[in-house]
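Me: Please take a close look at a single part of this structure and describe what surrounds it. Plain wording will do.

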Amino acid sequence: MTVGDLHLPSHTFQIAKSVMRSFVDFIFPPTCLCCNVLMEDGRRKVCESCWSSIESLEQTHPLYLDTKEKLLATGFVNNLVSCYAFTKEGAFQKIAHALKYNGFESLGRELGGRLGARAREWNILFDAVVPVPLHAAKHRERSYNQSERIAEGISRTVGVDVLRRALVRTRHTQSQTTLTHQQRKENMENAFTVGPKYISQINGKSVLLVDDVITTGATISECARALLVAGAANVIAGSAALAQKDSGL
Ligand SMILES: [Zn+2]
């Protein structure tokens with residue numbers, strides 16, 4: 001027998017659901033992923049005080065200016081939007097870790113919502129959102145691409161479509177963590193392309209290209225190059241956070 005068979009009035013069903021949620025919250029009280037404080041709303045994963053502890057990026061922040069200059073110098077990217085400065089051991093690192101390794105996909109959409117709001121605030125306009133693709137091997141481990149979840153959050157906030165599989169990797173690339181900037185550039189060269197069925201959706205469009213964190217920009221600029229080759233009018237780089245090269249990312 002299902003709940004539907006009981007012919008319960010829908011408000012009875014709603015009450016039953018909320019009693020069940022309170023019961024689960026009583027047994028496993030929802031806590032903030034970063035600081036363990038008890039949360040009133042179990043659907044939220046990080047408390048407001050942890051969100052506001054992350055250093056916000058303004059357009060005058062040295063890390064923002066430095067990263068933007070590097071990206072624009074490649075000739076493939078024409079603007080940059082980002083929300084936070086990555087610091088080791090900070091709340092952003094915990095959020096990024098929970099998103100990448102612990103299956104908290106909703107955090108990606110929440111970051112995307114914040115990034116979309118930032119783009120709007122800075123008056124940055126685009127026609128489509130494209131996530132940086134994940135390694136095929138990582139996709140098998142993780143089953144989802146965190147940049148795609150961020151792209152979905154942006155899409156929901158600004159009302160622009162996500163072209164989920166527009167970019168694909170053409171070959172395997174090694175992990176970038178221990179590479180110098182020059183080695184990262186060579187490692188990423190021609191590593192991406194736009195799938196044939198997406199060319200018409202990219203052609204002539206202004207594209208927001210999204211990654212979770214931008215460090216040297218080697219990945220994002222190679223992805224931008226592939227989008228321009230496919231006919232994009234211009235590419236704006238977007239990331240939840242920016243990190244210094246020596247941050248260990
Ligand atoms: Zn917290």
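Reply: **A strand and its surroundings**

Asn79 has Ile236 of β6 standing opposite. The model is predicted, so local features need pLDDT of at least 70 and side-chain atom pairs count only at pLDDT 80 or more, whereas totals for chains, interfaces and linings use all residues. Residues are numbered from 1 along each chain as its sequence is written. Helices (H or I, at least four residues) and strands (E, at least two) are DSSP runs, numbered from the N terminus.

β1 and β6 run parallel and are joined by six bridges. One bridge partner of a β1 residue is Gly238 in β6, which is matched with Val81. Two strands count as paired if DSSP finds at least two bridges between them. Strands of a sheet pair through backbone hydrogen bonds, either parallel or antiparallel. Here the open sheet has four strands in the order β1-β6-β5-β2, with parallel pairing. β1 and β2 (128-131) are the edge strands, each pairing on one side only. From one strand to the next, the twist averages 20°.

Although β1 is an edge strand, six of its seven residues are buried. Buried means that 20 or more other C-beta atoms, placed from the backbone, lie within 10 Å of the residue's own; exposed means 12 or fewer, and partly exposed lies in between.

Before β1 comes the loop from α3, which holds Asn78. Asn78 is partly exposed because 16 other C-beta atoms lie within 10 Å. Apart from neighbours within four places in sequence, Asn78 is in contact with Leu72, Asn234, Val235 and Ile236; contact means C-beta atoms, placed from the backbone, within 7 Å. Asn78 and Ile236 are 158 residues apart in sequence, yet their C-alpha atoms are 5.7 Å apart. Gly75, just after α3, takes a positive phi of about 80°.

Helix α3 itself lies across β1, β5 and β6, at about 145° to β1. Such angles run from 0 to 180 degrees between N-to-C directions, with axes fitted to C-alpha atoms, for helices over the stretch in contact. Helix α5 (residues 105-121) also packs on the sheet, touching β1 and β6, and its direction makes about 130° with that of β1.

The twelve residues of α3 (62-73) should span 16 Å at 1.5 Å a residue, and the end C-alpha atoms are 16 Å apart, so the two agree; the expected span is 1.5 Å times one less than the number of residues. Thr67, Lys68 and Leu71 of α3 are buried. Seen down the axis, the buried residues fall within an arc of 100°, so they line one face of the helix; the arc is that of the directions from the helix axis to the C-beta atoms. They pack against β1 (79-85), β5 (206-214), α10 (218-229) and β6 (234-242). The face turned away carries the exposed residues Pro62, Asp66, Glu69 and Ala73.

α10, one of those packing partners, is mostly covered, with ten of its twelve residues buried. Its end C-alpha atoms are 17 Å apart, close to the expected 16 Å. Among its buried residues are Ile220, Cys223, Ala224 and Leu227. These four are also among the contacts of Leu209, which include Val235, Ala237 and Gly238 as well. Just after α10, Gly231 has a positive phi of about 105°.

Conventions:
Contact = placed C-beta atoms within 7 Å.
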